[in-house]
Amino acid sequence: MKKSVFTLVFCIALATSVMAQYKPFQFGFRVAPSVNWAEVDGTGLSNGNAKLSFSWGFLANYYFVENYGLSTGFNWMRFNNSYDAPNFKHKIKVECFEIPILLKMRTDQFATKWRLYGEIGYGMGIMFNNKDNNDPDTFKTPYDYRSIRHSMIISIGVEFKVLKSSVLTAGIVYDNNFSKLSENKNDYDHKLSLDCVSLQFGFLF
């Protein structure tokens with residue numbers, strides 16, 4: 001009995017010691033200047049030029065162990081793009097509320113305060129204010145955008161420890177819309193996806 005109690009106390013002390021070496025939870029915010037573009041698939045259509053944009057959001061990390069965990073939160077994204085059709089240029093305005101679910105991996109600290117990290121996972125975006133200037137009077141498109149944007153997210157970056165436990169982050173994020181956003185209606189064969197690359201800066205408490 002005494003041996004079992006000793007073993008239990010030792011395991012609790014060991015777990016407490018390991019937990020004390022890192023924070024299992026981190027919360028913070030992000031800002032991200034980005035470059036986004038429209039990809040289209042249809043007869044007589046061609047992709048438009050990349051455009052500058054901006055997104056912001058909230059970050060939340062949970063670590064199973066010190067260097068492996070999950071990252072989530074929300075991102076508010078805006079796409080302001082265009083693409084070419086025969087004798088006409090489509091201009092798109094779309095806003096997206098995205099919830100990412102990412103596997104996060106990071107290195108041990110080096111040079112006292114630095115870490116490298118990588119993330120990969122899925123992003124579900126809810127679409128708002130979808131507009132297209134195909135109809136100049138209403139600024140609405142003749143086909144409907146899907147209400148959900150599905151994407152694969154990959155990012156790499158660095159963390160820098162400041163103060164006692166807070167960190168600054170900087171990284172590059174590739175957000176690939178792998179499912180088409182448009183629906184074909186009235187024999188209008190048109191497939192659209194919106195992608196972006198961002199330079200992300202964050203602060204985590």
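**Exercise 1. Is Glu 95 buried or exposed?**

Solution. The model is a predicted one. Start with the relative accessible area of Glu 95, which is 16%. The cut-off for buried is under 20%. Glu 95 is therefore buried, at 16% against a limit of 20%.

Next, find the partner. Glu 95 forms a salt bridge with Arg 78. The closest N and O atoms of the two are 3.1 Å apart. Arg 78 is partly exposed, with a relative accessible area of 47%.

Last, place the pair. Arg 78 sits in strand β3 and Glu 95 in strand β4. They are 17 residues apart, and the pair links distant parts of the chain.

**Exercise 2. Set out the elements of the protein in chain order.**

Solution. Count by type: the protein has 1 helix and 8 strands. Then read from the N terminus. The order is α-β-β-β-β-β-β-β-β. For burial across the protein, take its 205 residues: 40% of them are buried.

**Exercise 3. Describe the largest nonpolar core and trace where its residues come from.**

Solution. Begin with the size. The core has 16 residues.

Then pick out the members that touch the most other members. They are Phe 79, Tyr 83, Ile 92, Val 94, Tyr 145, Leu 192 and Leu 194.

Now assign the core to strands. At least two residues each come from β1 (25-41), β3 (68-85), β4 (88-106) and β8 (191-204). The most come from β3, which gives 4 residues.

**Exercise 4. Decide whether Cys 96 and Cys 196 form a disulfide.**

Solution. Take Cys 96. Its closest cysteine sulfur is in Cys 196, 9.0 Å away. A disulfide needs the sulfur atoms within 2.5 Å. The distance of 9.0 Å is therefore too far for a bond.

Check from the other side. For Cys 196, the closest cysteine sulfur is that of Cys 96, again at 9.0 Å. The count of disulfides is 0.

Add the accessibility. Cys 96 is buried at 0% relative accessibility. Cys 196 is buried too, at 3%.

**Exercise 5. Locate the cavities and characterise their linings.**

Solution. Rolling a probe the size of a water molecule over the atoms shows where empty space is left. Search the whole structure this way, and 2 cavities of 30 Å³ or more appear.

Take the largest cavity. Its volume is about 220 Å³. There are 25 lining residues. Nearest the centre lie Arg 30, Asn 75, Glu 98, Val 173 and Gln 200. Two or more lining residues come from each of β1, β2 (51-65), β3, β4, β6 (148-162), β7 (166-177) and β8. The largest share is from β3, with 6 residues. Sort the lining by class: 10 residues are nonpolar, 10 polar and 5 charged.

Turn to the second largest cavity. Its volume is about 60 Å³. Its lining includes Leu 59, Asn 61, Tyr 117, Glu 119, Gln 200 and Leu 204. Lys 104 is also among the lining residues. At least two of them come from each of β2, β5 (114-132) and β8. By class, 3 are nonpolar, 4 polar and 2 charged.

Compare the two lists. Gln 200 lines both cavities.

**Exercise 6. Place the remaining salt bridges on the chain.**

Solution. Fix the total: the whole structure holds 6 salt bridges.

Step one is Glu 66 with Arg 115. Their closest N and O atoms are 3.1 Å apart. Glu 66 lies in the loop between β2 and β3, while Arg 115 lies in strand β5. The two are 49 residues apart. Glu 66 is partly exposed, at 26% relative accessible area. Arg 115 is buried, at 7%.

Step two is Glu 159 with Lys 104. Here the closest N and O atoms are 2.9 Å apart. Glu 159 belongs to strand β6 and Lys 104 to strand β4, 55 residues apart. Both residues are buried. Lys 104 also lines the second largest cavity.

Step three is a network. Glu 98, Arg 149 and Asp 175 are joined by salt bridges that share partners. Glu 98 is also one of the residues nearest the centre of the largest cavity.

Key. Residues numbered from 1 in each chain as written. Predicted model: local features only at pLDDT ≥ 70, side-chain atom pairs only at ≥ 80, totals over all residues. Heavy atoms only, no water. Core = buried A, V, L, I, M, F, W, Y, C linked by side-chain atoms within 4.5 Å. Buried < 20%, exposed > 50% of the residue type's maximum accessible area, 1.4 Å probe, protein only. 1 Å grid on protein atoms, 1.4 Å probe; cavity = no way out; pocket = protein on both sides within 12 Å on 5 of 7 lines; lining within 4 Å. Points joined across faces, edges and corners; volume = space filled by probe spheres on them. Nonpolar A, V, L, I, M, F, W, Y, C, P; charged D, E, K, R; others polar. Salt bridge = Lys/Arg side-chain N within 4 Å of Asp/Glu carboxyl O.
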